[in-house]
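New to this one? Take a moment to look over the sequence and the fold before reading on.

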Amino acid sequence: MNEMITSGIEVSYLVATILFFLGLKYLGSPATARKGNAIAAAGMLLAIVATLFYQQVLNYSLILAGIGVGSAIGAIGAYRVAMTSMPQMVGLLNGLGGGASTLIAVGEFWRLMDAGLLPSMDNRITTVLSILIGGITLTGSLVAFAKLQELISGSPITFAFQQALNFLLFGGFVAGSVLLVLDPSNMPLFLGLTGISLLLGVLLVIPIGGADMPVVISLLNSFSGIAASAAGFVLMNNMLIVAGALVGASGIILTQIMCKGMNRTLTSVIFGAFGSSGVSAAGGHQSSNGEQVTRSIDPEECAMMLGYARSVVIVPGYGMAVAQAQHAVRELADQLTRLGVEVKYAIHPVAGRMPGHMNVLLAEANVPYPQLHDMDDVNPQFPETDVALVIGANDVVNPAARSDKNSPIYGMPILEVDRAKHTIVIKRGMSAGFAGVENELFFQDKTMMLFGSAKDMVNKLVAEVKQL
């Protein structure tokens, strides 16, 4: 390869890296996320083309066929997967990334051994790391997907001596890795280590409950990046190392933000089996202790309260996402604004089933970004808010997180809607949220329940507000 082509490839890698950084920067805000995604995608395309030239790939027809098939699957998924199912899709894509890294490590190791070439010490170590992280990411993400898709129970799945088995398997992997580094010709050991990594992914995720899924998704996203970076060391490809490191680092940062938003430590998420116990939800319109009752409201009365309020804060939750009510919510906000009502949206960092879920849903409905307020910004404003309208949110507005030391969500930062002058909750029934605990908010004197599907109820509210 002549010097000019080599220099061109290095410049292409540098430009791609800059585009990745810019893409991440723009992805940090919902207002510029689309632009950031496009910039990062352009950087990845440039990196792929440069790598094909660098590796002097001759079978371009096979490469193009793979790109075509992958692009078709991606396009179909992007158009057909509902926004409510996006967490499952992200989990699946994380798994595919980890699986690809594992296949790269296995394939490269097998190629060297088949050619009678002894892998270098660095190559052996990075291969083992790629197999471990990639394997855990693959099967762990598939389990997370199955939990979110309700193919298996979303509750923690535990059994006797589970953590002991995990430590035993991990210890066996470490011991086997040392032996493989010393003797890379032991192929049965190599395949055994691959199997252990895949099994560890399953065992690490099945005891994690649905309430912690947002954290798990972001953590596995980080793992997929770290696995890709390790695969880059296996192939000695600087671009893959940089891209994987960026994904891994950003995923870790996001995981820490999510843990902070839930007042959870990462170790408690992984080993705590959150959701395995707690107070059961009430079965009807009366609390489980039989003492407190809820106050119901009809759409007409609710519309009157909203229309004659000075300020309304809308709190979207997963129930809104399931009902696909975001467009109706935007229309309701527009009608209230027409009447001179100040409308804001309060976004909890772990609302929904993945980071940024509510932001994306509201952006899809063209909700003006300045109306979106994060938890720290909006909480001090609730005491001056006339009506807090909660649409399908549950755990993130539960006052028990602030007052009940026996609650499994105690200490989790919440949106303090109970401090508003009035709170209206749109919900199908009295079922519990992801954490499986009863919501004290539903039984407070200032809270009124509007029972029904989020989309149906909001559409009725829109019709009533239009008449004001």
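What follows is a short tour of a predicted model, taken one region at a time.

## A strand on the inside

Let's begin with strand S4, which covers residues 387-391. Five of its five residues are buried, so the rest of the structure largely encloses this strand. In a regular strand, side chains alternate between the two faces of the sheet. Here both faces of S4 are covered. Val387, Leu389 and Ile391 are buried on one side, and Ala388 and Val390 are buried on the other.

Which strands does S4 pair with? One partner is S1 (residues 311-316), which pairs with S4 in the parallel sense over five bridges. If you'd like a spot to find this pairing on screen, look for Val315, whose bridge partner in S4 is Val390. Another partner is S5 (residues 422-427), which runs parallel to S4 and is joined to it by five bridges. To find that pairing, go to Ala388 and look for its bridge partner in S5, Thr423.

## A serine tucked away

Next, hop over to helix H7, which spans residues 187-205 and holds Ser197. Is Ser197 buried or exposed? Its relative accessible area is 0%, so Ser197 is buried.

So what does Ser197 touch in there? Leaving aside residues up to four places away in sequence, its contacts are Ile131, Leu132, Gly135, Ile136, Thr139 and Phe173. With Ile131 there is also a polar contact: the side chain of Ser197 reaches the backbone oxygen of Ile131 at 3.3 Å.

## A nonpolar patch on the surface

Now for the outside. Leu45, Val49, Phe53, Tyr60, Leu64 and Ile67 form a nonpolar patch on the surface, and together they have about 580 Å² of accessible area. Helix H2 (33-54) and helix H3 (60-80) are the elements that give two or more residues to this patch.

Tyr60 is a handy one to pick out, and you'll find it in helix H3. It counts as partly exposed because its relative accessibility is 33%, while the range for that class runs from 20% to 50%.

## Charged pairs

The structure holds eight salt bridges. One of them links Arg111 and Glu108, with the closest N and O atoms 2.7 Å apart. Both sit in helix H4 (residues 86-114), and because they are three residues apart, about one helical turn separates them. Arg111 is partly exposed, with a relative accessible area of 46%, whereas Glu108 counts as buried at 16%.

A salt bridge in helix H13 (residues 326-338) joins the side chains of Asp334 and Arg330, at 3.0 Å from N to O. Here the two residues are four places apart, so about one helical turn lies between them. Asp334 is partly exposed, with a relative accessible area of 36%, and Arg330 is partly exposed at 22% relative accessibility.

Then there's Lys344, which forms a salt bridge with Glu342, the closest N and O atoms being 3.7 Å apart. Lys344 is buried, at 16% relative accessible area, while Glu342 counts as partly exposed at 45%. Elsewhere, Arg310, Asp386 and Lys421 are joined into one network by salt bridges that share partners.

Notes. Residues are numbered from 1 along each chain as its sequence is written. This is a predicted model: local features need pLDDT of at least 70, side-chain atom pairs count only at pLDDT 80 or more; totals for chains, interfaces and linings use all residues. Side-chain values use heavy atoms; hydrogens and water are left out. Buried means under 20% relative accessible area, exposed over 50%, partly exposed in between (1.4 Å probe, protein chains only). Two strands pair if DSSP finds at least two bridges between them. A polar contact is a pair of N or O atoms within 3.5 Å; within protein, one must be able to donate a hydrogen and the other to accept it, and residues adjacent in sequence count only if both atoms are side-chain atoms. Contact means heavy atoms within 4.5 Å. Patches are made of residues with over 30% relative accessible area and no salt bridge: like charges are joined within 9 Å, nonpolar side chains (Val, Leu, Ile, Met, Phe, Trp, Tyr) within 5 Å. Accessible areas come from the Shrake-Rupley method with a 1.4 Å probe; for residues, only the protein chains shown count as cover. A salt bridge is a side-chain nitrogen of Lys or Arg within 4 Å of a carboxyl oxygen of Asp or Glu.
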